[in-house]
Amino acid sequence: MSGAALARRVAGRFRDWHGSAPEGVWHAPGRVNLIGEHTDYNSGWVLPFALDRGVVAAAARRGDGLLDIRSEQAGDRATVPLAGLGPGGVTGWAAYPAGVAWAMREAGHPVGGATLVIDSDLPQGAGLSSSAAIECAVAIALAELYQVRVPRTGLVRLARRAENEMVGVPSGIMDQSASLLGEAGHALLLDCRSGETAAVPFDPAAAGLALLVVDTGARHALTDGRYALRRQECERAARALGVPSLRDVADPARAAAIGDPVLARRARHVISDDCRVCAAADLLGAHDLAGLGPLLHASHASLRDDFEISWPQADVAAEAAERAGALGARMVGGGFGGSVIALVPAGDTAVRAAVAAGYAARGWPEPAFLAAPPSAGARRLL
Ligand code: GLA
């Protein structure tokens, strides 16, 4: 569905529920991370881009200090008083939008009540950052409705704070950055320590290629504790190496100095994926998109063997894709479920067929395939 069609649909739902038109509709995209997984909270580098799918928020101000939020996906409604709102006060899906209002008010911004209807064309739990897209759509909606003049990078931090403190997931800065700062035809090179960003041209179609997303159907939730465990392991690995964060180590071989073999593997993944992000950005700068293939392959192997967060459907999809002609393939996102990306020749059908056949042979439900053109970041649509 196009963004415009999704915006019309959510505006219609707003009218159905509330009997009047919203003041506006705002869209925030999901993201695919080209490379650099679990590097963001280690102060390293990432290279995500915004998708053409995302979350829309139809919104209007209200004067009674309440957030009245409906989610078309959850099929649910939450009414949240802004006064006294804080971490632990709201749980489940409503913690994401309410957390954004809380974080904005905590930062001293004059955000008041709002009626919100939220809709999406992004699969949930598919590793494409539907949670960050909710946060970012609500952030730009409230910022515009209440004339909060914060640069996009400030909204990124507020949306992340909502997720860290209100939802309770110790995620990094990547997903909100991709959603709010993404540009069509570009990936976003982000230095998660300095906060510096660079838009790097990324146009697979111009190189006769396409980036295919395989939604493996296995679902993941960052809230299940395994993401937080990996983060703790990385902190312990950095301490063992005597550095503030794994970003401060340039050579993956140094991970071997850690006595605990599990921590050594975790560190080797993070350090080597940081190297791969920098190599990938150089390749994009040189318009050598085919050169990305081996990096994607190596990143998947590292996530599977060293970081141990891939899952059977991801391994089968990545392997089948490469055997059928993908230049490279890897899992994306936090891990334990979600999607795989494959860099394929434009117009390719062999990769899809091979992945589908691999699933059928194991009795798994057919995966969903999504095109993933690098698209614009969050914006007002109506
Ligand atoms: C999730 C988090 C991000 C990042 C990725 C893994 O998407 O929200 O901050 O850590 O996992 O790269």
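## The shell around the ligand

In this predicted model, the residues that form the shell around the ligand fall into three classes, with 4 nonpolar, 5 polar and 4 charged. The shell comprises 13 residues, and the closest of these to the ligand are E37, H38, D40, D175 and Y227.

## Polar contacts and burial of the ligand

D175, one of the closest residues, places an N or O atom of its side chain 2.6 Å from an oxygen atom of the ligand. The backbone takes part at two glycines: a backbone N or O atom of G172 lies 2.9 Å from a ligand oxygen atom, and a backbone N or O atom of G334 lies 3.5 Å from an oxygen atom of the ligand. Of the 310 Å² of accessible area that the ligand has on its own, the protein covers 98%.

## The largest pocket

The ligand takes up the space that is the largest pocket of the model, and the volume of this pocket is about 660 Å³. Its lining is made up of 38 residues, among which Y96, G125, S129, S130 and S131 are the closest to the centre of the pocket. Divided by class, the lining of the largest pocket holds 17 nonpolar, 16 polar and 5 charged residues.

Several elements of secondary structure contribute to this lining, and at least two residues come from each of α2 (95-106), β6 (113-120), α3 (130-145) and α5 (174-181). Among the contributors, α3 gives the most to the lining of the largest pocket, with 4 residues.

## The second largest pocket

The second largest pocket has a volume of about 160 Å³, and it is lined by T153, V156, R157, R160, I173, S177, L181, L190, D191, C192, G195 and T197. Two or more residues of this lining are supplied by each of the elements α4 (152-167), α5 and β7 (186-191). The helix α4 gives the most to the lining of the second largest pocket, with 4 residues, whereas for the largest pocket that place is held by α3.

By class, the residues that line the second largest pocket comprise 5 nonpolar, 4 polar and 3 charged. The helix α5 links the two descriptions, since at least two of its residues belong to the lining of the largest pocket and two or more belong to the lining of the second largest pocket.

Definitions and conventions
Residues are numbered from 1 along each chain as its sequence is written. This is a predicted model: local features need pLDDT of at least 70, side-chain atom pairs count only at pLDDT 80 or more; totals for chains, interfaces and linings use all residues. Side-chain values use heavy atoms; hydrogens and water are left out. A residue is near a molecule or strand if one of its heavy atoms lies within 4 Å of it. A polar contact is a pair of N or O atoms within 3.5 Å; within protein, one must be able to donate a hydrogen and the other to accept it, and residues adjacent in sequence count only if both atoms are side-chain atoms. Accessible areas come from the Shrake-Rupley method with a 1.4 Å probe; for residues, only the protein chains shown count as cover. On a 1 Å grid over the protein atoms alone, a cavity is a set of points where a 1.4 Å probe fits but cannot get out, and a pocket is an open set with protein on both sides within 12 Å along at least five of seven lines; lining residues have an atom within 4 Å of a point. A molecule sits in a cavity or pocket if more than half of its atoms lie within 2 Å of its grid points. Ala, Val, Leu, Ile, Met, Phe, Trp, Tyr, Cys and Pro count as nonpolar, Asp, Glu, Lys and Arg as charged, and the others, Gly among them, as polar. Grid points are joined across faces, edges and corners, and a volume is the space filled by probe spheres set on the points.
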